[in-house]
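Colleague: Could you take me through one part of this model closely, the charged side chains and what surrounds them? Short sentences, please.

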Amino acid sequence: MSGAVEDSNRRMLRARDAMDARYAEPLDVPTLAWLAHVSEAHFIRTFRATFGETPNRYLQRRRVERAMFLLRSGDRSVTDICMDVGFSSLGTFSRVFREIVGEPPSLYRQRGPLPPVPTCFAMRWARPSSFGEAPGGDAP
């Protein structure tokens with residue numbers, strides 16, 4: 001791998017790590033591009049080429065992943081969870097949740113609590129896909 005490709009990958013990883021750590025904050029492309037030390041257009045293009053999805057979609061998916069966990073591990077309202085994971089609109093949250101998971105948050109919550117397995121397994125089973133296959137693979 002060339003030095004330029006390694007440098008580009010590090011820059012994209014820096015931005016993705018920020019999204020993972022600060023998913024509930026209002027992150028936008030200008031901020032993420034600044035973190036990666038590239039222009040906004042270059043950031044979007046390179047992020048998509050590196051990770052297979054746009055920065056916006058990645059951030060939405062991370063927020064939905066966290067919401068999935070919260071919906072099945074507590075009794076807080078869908079609205080509270082929506083706000084806690086970084087969405088500012090319940091309508092947008094519900095639409096994006098349905099697009100990614102395949103069902104609305106209230107129906108997803110009815111699946112009940114997560115099984116008593118190590119968190120890494122539960123997260124894998126529940127992780128929504130960004131590539132169209134069924135979420136989680138071999139879920140119980």
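**Charged pairs and their setting**

Modeller: E99 is partly exposed, with a relative accessible area of 44%. Keep in mind that this is a predicted model. The partner of E99 is R95, and the two form a salt bridge. Their closest N and O atoms are 3.1 Å apart. R95 is partly exposed as well, at 46% relative accessibility. Why can these two pair up? Both sit in helix α6, residues 90-101, four residues apart, so about one helical turn separates them. Other salt bridges share partners: D20, E53, R61, R62 and E65 are joined into one network that way. The total is eleven salt bridges.

Now helix α1, residues 3-21. Here R11 forms a salt bridge with D7. The closest N and O atoms lie 2.9 Å apart. R11 and D7 are four residues apart in the helix, so the separation is about one helical turn. R11 is partly exposed at 23% relative accessibility. D7 is partly exposed too, at 34%.

Next, R22 and E25. They form a salt bridge, with 3.0 Å between the closest N and O atoms. R22 has a relative accessible area of 29%, which counts as partly exposed. For E25 the value is 38%, again partly exposed.

E25 leads on to R63. Which helix holds R63? R63 lies in α4, residues 55-73. R63 is buried, yet has no salt bridge. The nearest side chain of opposite charge is that of E25, 8.4 Å away. A salt bridge needs the nitrogen and the carboxyl oxygen within 4 Å. So R63 stays unpaired by that rule, with E25 at 8.4 Å. R63 and E25 are nonetheless in contact. What else does R63 touch, setting aside neighbours within four places in sequence? The other contacts are Y23, P26, L27, V85, G86 and F87.

α4 also has a part in covering a neighbouring element, α3. The cover over the buried residues of α3 includes α1, α2 (29-36) and α4. Helix α3 spans residues 40-51, twelve in number. From first C-alpha to last, α3 reaches 16 Å, close to the 16 Å expected at 1.5 Å a residue. Which residues of α3 are buried? They are F43, T46, F47 and F51. These cover an arc of only 105 degrees around the axis, so they fall on the same side of α3. Charge appears on the other side of α3: R45 and R48 are exposed there, along with A49.

Last, the backbone at either end of α3. After the helix comes G52, with a positive phi near 85 degrees. Before the helix, the loop between α2 and α3 contains H37. Most residues other than glycine have a negative phi. H37 is not a glycine, yet its phi is positive, near 60 degrees. Is H37 buried or exposed? H37 is exposed, with a relative accessible area of 54%.

To draw the charged residues together: R11 with D7, R22 with E25 and R95 with E99 are salt-bridged pairs. R63 is buried without such a partner.

How values were computed. Residues are numbered from 1 along each chain as its sequence is written. This is a predicted model: local features need pLDDT of at least 70, side-chain atom pairs count only at pLDDT 80 or more; totals for chains, interfaces and linings use all residues. Side-chain values use heavy atoms; hydrogens and water are left out. Helices (H or I, at least four residues) and strands (E, at least two) are DSSP runs, numbered from the N terminus. Buried means under 20% relative accessible area, exposed over 50%, partly exposed in between (1.4 Å probe, protein chains only). Lys and Arg count as positive and Asp and Glu as negative; His and the chain ends are not counted. Contact means heavy atoms within 4.5 Å. The expected span of a helix is 1.5 Å times one less than its number of residues. The arc is that of the directions from the helix axis to the C-beta atoms.
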